[in-house]
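This report walks through a protein model residue by residue, moving from charged pairs to a metal site and the interior around it. Please keep the sequence and the coordinates in view while reading.

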Amino acid sequence: MSEERMLEGETANYEALRDNAINLIRSQVPTGKGPAHCIECGDDMPKERRDHGFVLCVDCKTLEERP
Ligand SMILES: [Zn+2]
């Protein structure tokens with residue numbers, strides 16, 4: 001799932017909300033590993049990424065890092 005981001009303010013809000021969600025998810029994972037599913041699109045997370053504590057799949061991470 002990918003949505004066009006609209007306004008700068010909304011983007012900041014969205015990122016703050018997502019940071020909260022990430023912290024919440026991390027606090028629920030006692031091992032410190034990432035969730036079983038990407039928090040953006042819900043795809044399965046590869047074990048290697050979970051082991052690093054990532055919460056986004058490769059696709060979502062790539063989109064996020066795009067300027
Ligand atoms: Zn994803």
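## A salt bridge within helix α3

In this predicted model, the side chains of glutamate 65 and lysine 61 meet in a salt bridge, with an N to O distance of 3.9 Å. The two residues are 4 residues apart in helix α3, which means that about one helical turn separates them. Their surroundings can be described by accessibility: glutamate 65 counts as exposed because its relative accessibility is 56%, whereas lysine 61, at 26% relative accessibility, counts as partly exposed.

This pair also belongs to a wider arrangement, since a network of salt bridges links Arg18, Glu40, Lys61, Glu64 and Glu65. In total, the structure holds 6 salt bridges.

## Salt bridges between separate elements

Within that network, glutamate 64 forms a salt bridge with arginine 18, and the closest N and O atoms are 2.4 Å apart. Because glutamate 64 lies in helix α3 and arginine 18 in helix α1, the pair ties together parts that are 46 residues apart in sequence. Arginine 18 is buried, with a relative accessible area of 12%, while glutamate 64 counts as partly exposed at 27% relative accessibility.

A further salt bridge joins the side chains of aspartate 51 and lysine 33, at 3.4 Å from N to O. Here aspartate 51 lies in helix α2 and lysine 33 in the loop between α1 and α2, so this pair ties together parts that are 18 residues apart in sequence. Both partners count as partly exposed, aspartate 51 at 35% relative accessibility and lysine 33 at 37%.

## A buried arginine without a salt bridge

Which residue is the nearest side chain of opposite charge to arginine 49, given that arginine 49 is buried yet has no salt bridge? That side chain is glutamate 65, which is 7.0 Å away; a salt bridge would need a side-chain nitrogen within 4 Å of a carboxyl oxygen, so this distance does not qualify.

Arginine 49 has its place in helix α2. Leaving aside neighbours within four places in sequence, arginine 49 is in contact with Phe54, Leu56, Cys57, Val58 and Lys61. Among these contacts, Lys61 is the residue whose side chain meets that of glutamate 65 in the salt bridge described above.

## The zinc site

The protein donors of the zinc ion are the SG atoms of Cys38, Cys41, Cys57 and Cys60, lying 2.3 Å from the ion. The arrangement is tetrahedral because the 4 donor atoms subtend angles of 106 to 115 degrees around the zinc ion. Along the chain, these donors follow the spacing C-x2-C-x15-C-x2-C. Cysteine 41, in the loop between α1 (8–27) and α2 (47–51), and cysteine 57, in the loop between α2 and α3 (58–65), are 16 residues apart, and this pair links distant parts of the chain.

The two cysteines of this pair fall into separate accessibility classes: cysteine 41 counts as partly exposed because its relative accessibility is 28%, and cysteine 57 counts as buried because its value is 5%.

## The nonpolar core and a loop aspartate

The largest nonpolar core has 7 residues, namely Ile22, Cys38, Met45, Val55, Leu56, Cys57 and Cys60. Cys38, Cys57 and Cys60 of this core are also among the donors of the zinc ion. Isoleucine 22, another member of the core, is in contact with Ile39 and Val55 when neighbours within four places in sequence are left aside.

Aspartate 43 has its place in the loop between α1 and α2 and counts as partly exposed because its relative accessibility is 40%. With neighbours within four places in sequence left aside, aspartate 43 is in contact with Ala36, His37 and Cys38. Aspartate 43 and valine 58 are 15 residues apart in sequence, and their C-alpha atoms are 9.9 Å apart in space.

## The fold as a whole

The protein has 3 helices and 0 strands, and reading along the sequence gives the pattern α-α-α. Of the 67 residues in the protein, 19% are buried. Among contacts with a separation of 6 or more, 14% are between residues 24 or more positions apart.

Methods: Residues numbered from 1 in each chain as written. Predicted model: local features only at pLDDT ≥ 70, side-chain atom pairs only at ≥ 80, totals over all residues. Heavy atoms only, no water. Donors = N, O, S within 2.8 Å, 3.2 Å for Na, K, Ca; no water. Tetrahedral: all angles 85-135°; square planar, octahedral: opposite > 155°, others 65-115°. Buried < 20%, exposed > 50% of the residue type's maximum accessible area, 1.4 Å probe, protein only. Lys, Arg positive; Asp, Glu negative; His and termini not counted. Contact = heavy atoms within 4.5 Å. Core = buried A, V, L, I, M, F, W, Y, C linked by side-chain atoms within 4.5 Å.
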